Each structure stands twice: as C-alpha cells, then as structure tokens.
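Work through the following exercises with the model open in a viewer. Each task is followed by a stepwise solution.

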Amino acid sequence: MTFIIFLVVILFILAISDLVVGVSNDAVNFLNSAIGSKAAPYRVIIITAIVGILLGSFFSSGIMEIARKGIFHPEYFTFDKIMWVFLAVMLTDIILLDVFNSLGLPTSTTVSIVFELLGSACVVGVLYSIEKNDNIADAFKYINFESTISIISGIFLSVFIAFTCGVVFQYLFRQLFTFEYTSRLKQFGALFAGFGITSIIYFLLIKGLKGTTLFSPNSITWVNNNITTLLIIIFIVIVLICFLLQHYAKVNPLKIVVLAGTFALAMAFAGNDLVNFIGVPITGYLAFQNWVASGVPAGDLYQTYLASDDVIVPNYMLLTAGIIMSLTIWFNAKARKVTETEVNLARQDEGEERFKANAVSRSIVKSSLMLGNLISVFLPRNSYKNYRLNLEKSKIQKATNVQGEDSAAFDLVRASSNLIIASILIAWATSMKLPLSTTYVTFMVAMGSSLADRAWGRESAVYRVAGVLSVIGGWFITAVIAFVASGIFAFILYKGEETGTIILILITLVYIIFSHIKFAQKEKKAQKLKGKFTALEASDLDLFERNRRMVNNVLTELYQNYHSTITSLNANNTSQLKKVNADMDEMVQYGFKIRTKSIKYIKELQTTDKETAEVILYSTDLLQDMIQSAKFLSEESLEYINNLHQAPQKSFIKTVEKLNNKMDVFFKLIIESLSDPKAIDYDVVRKSRDELREFINSHLDRQISEIQKRNLSTKQAILQTNIFLQSRDILAVMLRISKMYRRYQK
C-alpha cells in the first residue's frame, strides 16, 4: 500500500514536470503567428495566450479517453500492471520532450503520448501473458488496434492536408490583399476580419463544447442544432464591430484576427493537448481511488472501471494544470527557443539560416523550380505578371518593414491566414471525429503559407526546406523513440518493481538537472554572442561609428585570446588552451554572422555613401581573416599538447615570450588608434609594425635553418613555424585595418 501511494505521488510530480516540458514545446502552436508578425507587444500576446489556456483547461474533461482506453484495453490489466504502464509513459515523455525543447525543435506531444502508451502497454501485455502462461497470441488483446491505427493515420495525414491548405489559401488571400494591403484593407478588412473571427469562434464552439463539463448537455445540443444561425449572427456583429474600430478608432482589423486566433489556438491547445500531459497521471489517480474503494488486492483488480464512459476529471485538477502551463509560458526560456525555430523558418526576409542545406533539400528545390517554370508556361500572361508584381521584393520589405532585428518576420495577412486556416482544419477534423496533431497542423500551415508568399526564395529555399525536413524527420523519430524507450522502461519497472522504479526516477532526475545546466550554459553563450552585436545596434550613433566600435571590441577579444594561447602553450596548460579554443570557436561563428549583418547594414545606407559601405564590407572581411588565423593557432597548439608531443626547447619558449610581449604592444597600439584616432600617430604604428615584422621574419628564418639541420621533429616544426606565420598574418591584417580607418577619417 505504501509503495502504491508513493507511485501515485510520483505520477503527480511527473505530471507537473511533463506540463512544463510539454507546454514549452507546444507553445509554438499558438504563439508563432502573433510573435512573428509583431501583432502586439510580447507581453500582450503572452497574456492573451494565458487567458486562452486557463479557459481551455476546463474543456479537457471529456477527452481523457486516449489515456484511459484509446490505445489499450484497460479491462485486461490489473491495477498494479497498469501503474507500470503509466509510470513508464511519464518518465519517457519528460525525457523525450525535454530533448526536443533543448534542440529548439517542435514535435507532437500527441504522437509521443500515443506511441509511449503503445510501447509500454505492448511490453507489459506480453510480460503479463507470459506470467499467466497464456498463448502468445493473447498478448494482442491488450492493444486497441482499431483506435490506434485510426489515430496514427489521422495524425500523419494531417501533415499533407495542412501544408496544401496553407499554400492554396495563402495564395488566394495574398491575391486579395497583396503586400501593399493598406488600400485593400479599407475595402475588405472588416469583412475579412468577420470571416476570420467567425471561423475561429466556430472552431472554439466545435472544439470546446465537445469536451467540457461546464455546460449542460441540453445547452450543447441547442448550440449544435442552431450552429448556422449563430454563425451568421456572429459574422454580422463582428463585421460591424471591426468596421467601426477600423474607421473611427483606427484599429487594424488584422491585429484583432491575430489576437483572437492566438486566444483560440491557446484555448484549443489546453482543451486538446492537456490530455497529453496530465491524462496518464489523472487516470492513474482515478484507478487508485477505484482500487482503494474496492478493497481487492492490486494484482487481482482488473481495470474495467477505466473502460467505462462515466469517468469525469475534477475541474480543480484541470484549473491547476492550466495555471502551471500559464506560468511556464511566461517564464520558460525553452518555449521561446522552440518558437524562434518556427518563426525563423517562416520569416519573409533572407539572412542567417539555422539549418544547413543537404542533398535532399537541394533536389526538392531544383525539382520545384523546374515544375514552376513548366506551370508558368500554361498560365495566362496577365495572371502570372500580376502574381510577380504582387510579390516584388520592395513591396514585401515595406509590408514587413524588414530593417534590422526588430522587424516583423512576416506581415499580418499571413499571420491571420495561418490562424484562420489552422482553426478551420482543426474544427473540421474534430467535427468529423478525426484525430490529428495540433502541432503538425499549425506548423505545416505556417510552412505552406510561407511558401505561397515566396518566403522560400532562391536565397533561402534550400535551407528552409532542410529545416522543414529536419522537423518532420524529428516527428517520425519521436514515434520510434517513444515506442522503444517506453517499452524498455516498462520492462525495467515490471521486472524491477521497487528497485527498478527508484533507478529510473533517479536517471530521469539526473538527466533533467543535467539538461537544464547544459541549456543554461548554451543560452549564456548565445546571449554573450548576441551581446557582441550591441555595438552595431546603438541607435544613437551613425553606422560608421557603430562599425568602428564593433571592430575595436573584436580586436580586444582577439588580443586576449592570442595572449592566452601563447601563454598557455608555454606553460603546457591544457585546460586553459581548451577554454581559449572554445572562445575562438564562438569568435568564428561571430565572424560569419557579422558578414551577414554587414550586408544588411549596407542595404540601409544611401547609395551615395559608398565609403561607409566599403569600410563595413572590408572591415568584416579583415576581421574574419584575423579570427581564422588566431583559431588555427589555438587549435594547432591544443592538438600539440593533447597528443603529448615533445615540449619545445627553452630557447624557443623565450623567443615566443618576446613575440607575445611585442604583439601585446602592437595590439594595444591598434586598439588605441581606433578608439581615438588623434591619440596615435600613424608613423608610430607603421614603425612598430616594421620592427615586429622584422623580428618574426628573422626567427622564422632561424626555424627554417633548424628544420634543414634536422634539429626539430616534424610536429615541432609545424607548431613552431605556425606560431610565426599566423602571428605575421594577424600583424598584417591589423595594419590594414588601421590604414583603412585612417584613410576614411581623413
């Protein structure tokens, strides 16, 4: 009895953890359109979603069937056996979802819970059959195959349907509004908002009333019988309200649609996906209550109670779950990371891409281009011409205000269509009693609409397609891993009982702690990298001055890393060299990013400001050269020490110390000359460079002589010559940077 109470307590603790990791992933379903279009301040968007979540949590009571009897037949399991199934599911779900959250990839909590239940129920069913000496064929009776196949097929079919609808409807909406939609909005804005919000309300009525216990059955029946009349009245009222707000309060009706859609999808998420997080623990608790009331031993009580239709979840449990999800949305950093992934894949402008192109994405893009060219031949010329005119880059940039980091990823037309299309699809599927994944629907609609808007242009298509394929591939991997891992966990729990339970709980706990530490470290590095761009984003300075500050900051960091590399090599300090090498890896990433940003900033300049554009372009190129040289030096030094090669001679170490001191002086000279051009005479800089270059060349000649005399091993020769060669390259680039800024300032 004590151990079973312990299991129930653990299930509830796991439910809270699963709510946190689950909502962190599923937040992307209802936040991406509003955040991507910047329809409102971030806090307003989050508060709107939270209200939807809290209200939607009350609409979950009637949908716990998946956890109770949708995947397996509970009447064939005894109470103790079904507890192993539930515990295995929860432990697997927490680890699996946290992995996807850490990677910043959206996945389906519905798919994970379905395959976890399937995997653990299969294993426990087989083990229980063996224990009872049943025929092995009897093991199949434990699984509800008809329901499972229906759920799985419906989920994966929704991927294709959602993407296709996203492409087609977004194309039609874009032809209606174009990217220059201000004038069209005056004509059609209120009608479009009325259609969109009415669709969303219909979605809420169909989706919400299906599972709630807040309203009487008679009220729900009346709504269903009069749904057409209600929708017509709602449409007329919404159109009038939006018309008045648009023409007298100057409120953009598309923003109303986006916020209404965000609220609706958040509410649907809480109503639909709450089962994925708390369905299993609550079902376990209800089974526990039934077992206590029965007075029958745990190994003898079959769970016929769970197979009945009379099981109702208490509303206080649903509200508690809603509060936990709301707090997670507000505070959890991983939720933002997953949202960023989808927004970046759908954004209208080109730029830095998270995913790398691969052979599959290139083949798909190439085939699509060929198909597009073929279709364009058969299209009427005027239609094709109008389509191209509507999607001109200048119009797209004006609509999304693509200038810098704070611009919208896409416009309000696309954000509205994403939410309307997703709402209609989910409502339709629900009314037809078809299972689907809200994650798959919302993600694929967003990808389809971005394709229709030509967000996947020639500059970004291969990367975006690779990203979508990575996400979809992750969905299939989710199913396989969920099934296998849950089955393994169920086996350990069934055989290990108390011992197996303690071991798996400790493993999960250690993993979660380790995962959060690693994620915090990763986010700290990301914030550090982001902080390096602050010099480029200072609004109170002109672009040249911002660029000069950025170059100075990079030189300062490069100077510190160069100095640490030489010092650590001389001291044979492996740990310090590893740290320097990791810092240089970050600097290499930064070097590539400033090249991308430099092009963006050049686009901001007037066409007559050629000199500033040249400085921005050349400075970032020169910085990359320096960073690569310093990285090569730190990498070579670390590899030499790690491989335990012979230590350099003392005479060489003293020479390198002198080199380090001289490079320190020159670094400081260049940094000071950039900080205050009038403080340092350029002749002093050039003279210092000549002396240092002479020092490097003379000692490089000496190294060549040592190699010819065969006084150095091959590895020693590579390292020692590399130090001088890379130092000389860094020296030459620094002088070029100094000359460039001096010439511009003159």
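**Exercise 1. Locate Lys-38 and describe its backbone and its exposure.**

Solution. The model is a predicted one.
- Step 1: Lys-38 sits in the loop that runs between helix H2 (28–37) and helix H3 (42–56).
- Step 2: the phi angle of Lys-38 is positive, about 50°, although the residue is not a glycine.
- Step 3: the relative accessibility of Lys-38 is 43%, so the residue counts as partly exposed, since that class lies between 20% and 50%.

**Exercise 2. Carry out the same description for Glu-497.**

Solution.
- Step 1: Glu-497 belongs to helix H19 (residues 461–531).
- Step 2: phi is again positive here, about 45° for Glu-497, which is not a glycine.
- Step 3: with a relative accessible area of 40%, Glu-497 is partly exposed.

**Exercise 3. Describe how H3 and helix H12 (residues 315–331) are arranged.**

Solution. Two packed helices are described by the angle between their axes and the distance between the axes.
- Step 1: the axes of H3 and H12 come within 9 Å.
- Step 2: the crossing angle of H3 and H12 is roughly 165°.
- Step 3: angles over 145 degrees count as roughly antiparallel, and H3 and H12 are therefore roughly antiparallel to each other.
- Step 4: the crossing of H3 past H12 is right-handed.

**Exercise 4. Count the aromatic pairs and classify the pair of Phe-173 and Phe-192.**

Solution. A pair of aromatic rings is described by the distance of the centres and the angle of the planes.
- Step 1: the count is 5 aromatic pairs.
- Step 2: for Phe-173 and Phe-192, the centres are 5.2 Å apart and the planes are at 85°, an edge-to-face pair.
- Step 3: this pair links distant parts of the chain, with Phe-173 in helix H7 (residues 145–177) and Phe-192 in helix H8 (residues 182–209), 19 residues apart.
- Step 4: Phe-173 is buried at a relative accessible area of 11%, and Phe-192 is buried at 5%.
- Step 5: Phe-173 and Phe-192 form one aromatic cluster together with Phe-177.

**Exercise 5. Classify the pair of Tyr-562 and Phe-667.**

Solution.
- Step 1: the ring centres of Tyr-562 and Phe-667 are 6.0 Å apart, and the planes are at 50°, so the pair is tilted.
- Step 2: Tyr-562 lies in helix H20 (residues 543–570) and Phe-667 in helix H23 (residues 650–675), 105 residues apart, and the pair links distant parts of the chain.
- Step 3: both Tyr-562 and Phe-667 are buried.

**Exercise 6. Which rings have Lys-132 and Lys-662 over them?**

Solution.
- Step 1: the charged end of Lys-132 sits over the ring of Tyr-128, at 4.4 Å from the ring centre.
- Step 2: Lys-662 lies over the face of Phe-695, 5.5 Å from the centre of that ring.

**Exercise 7. Report the number of disulfides and the burial of Cys-165 and Cys-242.**

Solution.
- Step 1: the cut-off is a pair of cysteine sulfur atoms within 2.5 Å.
- Step 2: under this rule the count is 0 disulfides.
- Step 3: Cys-165 has 16% relative accessibility and so counts as buried.
- Step 4: Cys-242, with a relative accessible area of 2%, is buried.

**Exercise 8. How far apart are Ala-357 and Ser-460 in sequence and in space?**

Solution.
- Step 1: Ala-357 and Ser-460 are 103 residues apart in sequence.
- Step 2: their C-alpha to C-alpha distance is 9.4 Å.
- Step 3: Ala-357 is in the loop between helix H13 (333–346) and helix H14 (359–378).
- Step 4: Ala-357 counts as partly exposed at 21% relative accessibility.

Notes
Residues numbered from 1 in each chain as written. Predicted model: local features only at pLDDT ≥ 70, side-chain atom pairs only at ≥ 80, totals over all residues. Heavy atoms only, no water. Buried < 20%, exposed > 50% of the residue type's maximum accessible area, 1.4 Å probe, protein only. Helix = DSSP H or I, 4+ residues; strand = E, 2+ residues; numbered from the N terminus. Phe/Tyr/Trp six-rings, centres within 6.5 Å; stacked < 30°, edge-to-face > 60°. Lys NZ or Arg CZ within 6 Å of the ring centre and 35° of its normal. Axes fitted to C-alpha atoms, helices over the stretch in contact; angles between N-to-C directions. Parallel < 35°, antiparallel > 145°, perpendicular 65-115°, else oblique. Left-handed = near helix turned anticlockwise from the far one by under 90°.
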